[in-house]
Amino acid sequence: MSAVQNPLRFAWLEVTGLCNEHCDHCYADSSPKGTHGTMTVSSWLKVIDQLAAMGVADVQFIGGEPTLYPYLSELITYAHRARLGVEVFSNLTYIRESLWETFVECGVKLATSYYSDDAEEHDAVTNLRGSHRKTRANIEKARSLGLTIRGGVVAMNPRQRVQEAVEDLAALGAVAGTDRNRAFGRASHGARPAIKDLCGHCALGQVAIGPDGVVWPCVLGRFITLGNVRETPLAEIWSSAGTAEARAEIAKTHKKVAIGEACTPPQFLPSCGPCGPCVPSVGHCDPREATPAAATIGTPGHS
């Protein structure tokens, strides 16, 4: 499938590998020892310009913990002015007041991870005491400011209070979703990452860019390098033979992707079958309500 047949619609922008939490299952292997990488602010602004020129609809700023990146507000404002929909995936443990102002001014949507309604159980996952209290309080603040927020519950073990966490998120006014623990980063426990563990939609309308400029087919597929935006324009990377080969290899491994596997309601790997990518501008998506012929970004199947 060529870049013309498969236009880029969504991008994860991983602006930092630094995180104040140290979750045992982190796919990005982020931690307090992480760095902001080698991408400069100017480099990120050029990427945003390229994304807008390619017709991308939405971006999601991620990390690490993106709110620890000192120039996040500048990047959000720039993306908003470029008419890109913006979502920030944050653990919401510490948000500067100036950043809240940017969120409101730019209509930013928020996403966060939430592991339990029980503070002790949540903090045991993040390895940061008090993280549950801070995250929950900032979910409430986001809603009080009129911001849309999604909360995802990753199932770590069979005894985890997953359903209770989902219900707590709903009570707070957040859209709640669940996902399974995936064997990437620290969650792999040293195992080599494999294409079979991906969802199968990587590089089909979405791409991820890391803090050193490396381009991946998705945030989990960081073991597959498509190029580097510090060396090559993103449009060239997206239409390159290497990207086409990566798509073909992923498609070969995933002969059929289960409809609605972990996408009801929308979760944080913004792609699911039979629809196109669920970008941050989508408020609700249930693939079981959609049909392959009718389901495209922004259609009733996504609203």
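**View 1. No disulfides here, and a look at the cysteines.** This predicted model holds zero disulfides. Take Cys 23: the nearest cysteine sulfur belongs to Cys 19 and sits 6.4 Å away, and Cys 23 is in no disulfide. A pair of cysteine sulfur atoms has to lie within 2.5 Å to count, so 6.4 Å doesn't make it. Cys 23 is tucked away all the same, buried at a relative accessible area of 9%. Cys 218 is buried too, with a value of 7%.

**View 2. The whole chain, before we zoom in again.** The protein chain has eight helices and nine strands. Of its 303 residues, 52% are buried. Take the contacts between residues at least 6 apart in sequence: 65% of them join residues at least 24 apart. The accessible surface adds up to about 13300 Å², and carbon and sulfur atoms account for 52% of it.

**View 3. Helix α5 and its two sides.** Helix α5 runs over residues 131-144, which makes 14 residues. From first C-alpha to last it reaches 20 Å, close to the 20 Å expected at 1.5 Å a residue. Which residues of α5 are buried? They are Ser 131, His 132, Thr 135, Asn 138, Ile 139 and Ala 142. Looking down the helix axis, these buried residues fall within an arc of 140 degrees, so they line one face of α5. On the face turned away from that buried side you'll find the exposed residues Arg 133 and Ser 144. Once α5 is over, look for Gly 146, which follows the helix and has a positive phi near 80 degrees.

**View 4. What covers α5, with Asn 138 as the example.** The cover over the buried residues of α5 includes the helices α3 (97-105), α4 (119-126) and α6 (162-172), along with the strands β4 (109-113) and β5 (149-155). Now pick out Asn 138, which is found in α5. Asn 138 is buried, with a relative accessible area of 13%. Skip its neighbours within four places in sequence, and Asn 138 is in contact with Leu 92, Thr 93, Tyr 94, Ile 95 and Trp 100.

**View 5. Strand β5 and its partner β4.** Six of the seven residues of β5 are buried, so this strand is largely enclosed by the rest of the structure. β5 and β4 pair in the parallel sense, over four bridges. To find your way, start from Leu 110: its bridge partner in β5 is Ile 149.

**View 6. Some loop residues worth a stop.** Between β2 (58-62) and α2 (72-81) lies the loop that holds Gly 64. The peptide bond from Gly 63 to Gly 64 is cis, with omega near 25 degrees. Arg 83 is found in the loop between α2 and β3 (85-89). Its phi is positive, near 70 degrees, in a residue other than glycine, and Arg 83 counts as exposed at 77% relative accessibility. Asn 127, in the loop between α4 and α5, has a positive phi as well, near 55 degrees. At 44% relative accessibility, Asn 127 counts as partly exposed.

**View 7. Gly 205 meets Arg 9.** Gly 205 is in the loop between β6 (175-180) and β7 (206-209). Is Gly 205 buried or exposed? Gly 205 counts as buried, at 3% relative accessibility. Its C-alpha and that of Arg 9 are separated by 5.2 Å, though the two residues are 196 residues apart along the chain.

Notes. Residues numbered from 1 in each chain as written. Predicted model: local features only at pLDDT ≥ 70, side-chain atom pairs only at ≥ 80, totals over all residues. Heavy atoms only, no water. Helix = DSSP H or I, 4+ residues; strand = E, 2+ residues; numbered from the N terminus. Expected span 1.5 Å × (residues − 1). Buried < 20%, exposed > 50% of the residue type's maximum accessible area, 1.4 Å probe, protein only. Arc of directions from axis to C-beta. Contact = heavy atoms within 4.5 Å. Areas by Shrake-Rupley, 256 points an atom, 1.4 Å probe, with all protein chains shown as cover. Pairing = 2+ DSSP bridges.
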